[in-house]
Amino acid sequence: GALDDDDVLRAGDGAALARAAAALAALPREALAAMGDSGRAYFDARFSRAALLARLESSLVEARKEEP
């Protein structure tokens, strides 16, 4: 497709950025909504307060185990 999961935009490649923006603009509303839902799920799983606190707690527990 116009945009694939493995597409990478290189810094300074304005033409590639323009093509990617045009491809996104051409997507149906349902596809954009699905992308938004996926982005929200990714964020919540990795950066929500609960996720960050769980990682912090895990790190502290591991650090405590390593103490002499």
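**Figure 1. Three helices and no strands make up the secondary structure of this predicted chain.** Helices here are DSSP runs of H or I with at least four residues, strands are E runs of at least two, and both are numbered from the N terminus. Read from the N terminus, the order is simply α-α-α. This is a predicted model, so to speak of a local feature takes pLDDT of at least 70 and side-chain atom pairs count only at pLDDT 80 or more, while totals for chains, interfaces and linings use all residues. Residues are numbered from 1 along each chain as its sequence is written, and side-chain values use heavy atoms, with hydrogens and water left out.

**Figure 2. The whole chain, with a radius of gyration of 19 Å.** A compact globule of 68 residues would come in near 11 Å; the radius is taken over C-alpha atoms, and the globule rule is 2.2 Å times the number of residues to the power 0.38. The C-alpha trace spans about 55 × 30 × 15 Å along its principal axes. Just 7% of the 68 residues are buried (buried is under 20% relative accessible area, exposed is over 50%, and partly exposed is in between, with a 1.4 Å probe and protein chains only). The accessible surface adds up to about 5,900 Å², and carbon and sulfur atoms own 58% of that. Areas come from the Shrake-Rupley method with a 1.4 Å probe, and for residues only the protein chains shown count as cover.

**Figure 3. A nonpolar surface patch built from Tyr42, Phe43, Phe47 and Leu52.** Together these four offer about 390 Å² of accessible area. Patch members need over 30% relative accessible area and no salt bridge; nonpolar side chains (Val, Leu, Ile, Met, Phe, Trp, Tyr) are joined within 5 Å, like charges within 9 Å. Helix 2 (residues 29–47) is the top contributor, with three residues. Phe47 sits in helix 2 and is partly exposed, at 41% relative accessible area.

**Figure 4. Arg40 and Asp44 pair up in a salt bridge.** The closest N and O atoms are 3.4 Å apart, where a salt bridge asks for a side-chain nitrogen of Lys or Arg within 4 Å of a carboxyl oxygen of Asp or Glu. The partners are four residues apart in helix 2, so about one helical turn separates them. Asp44 is partly exposed, with 35% relative accessibility.

**Figure 5. Lys65 and Glu62 form a salt bridge in helix 3.** Here the closest N and O atoms are 3.3 Å apart. Both residues belong to helix 3 (residues 49–65), with a spacing of three residues, about one turn of the helix. Lys65 is exposed at 59% relative accessibility, whereas Glu62 is partly exposed at 38%. A search of the whole structure turns up two salt bridges.

**Figure 6. Ser38, a partly exposed residue of helix 2.** Its relative accessibility is 49%. Ser38 and Ala18 are 20 residues apart along the chain, and their C-alpha atoms are separated by 23 Å.
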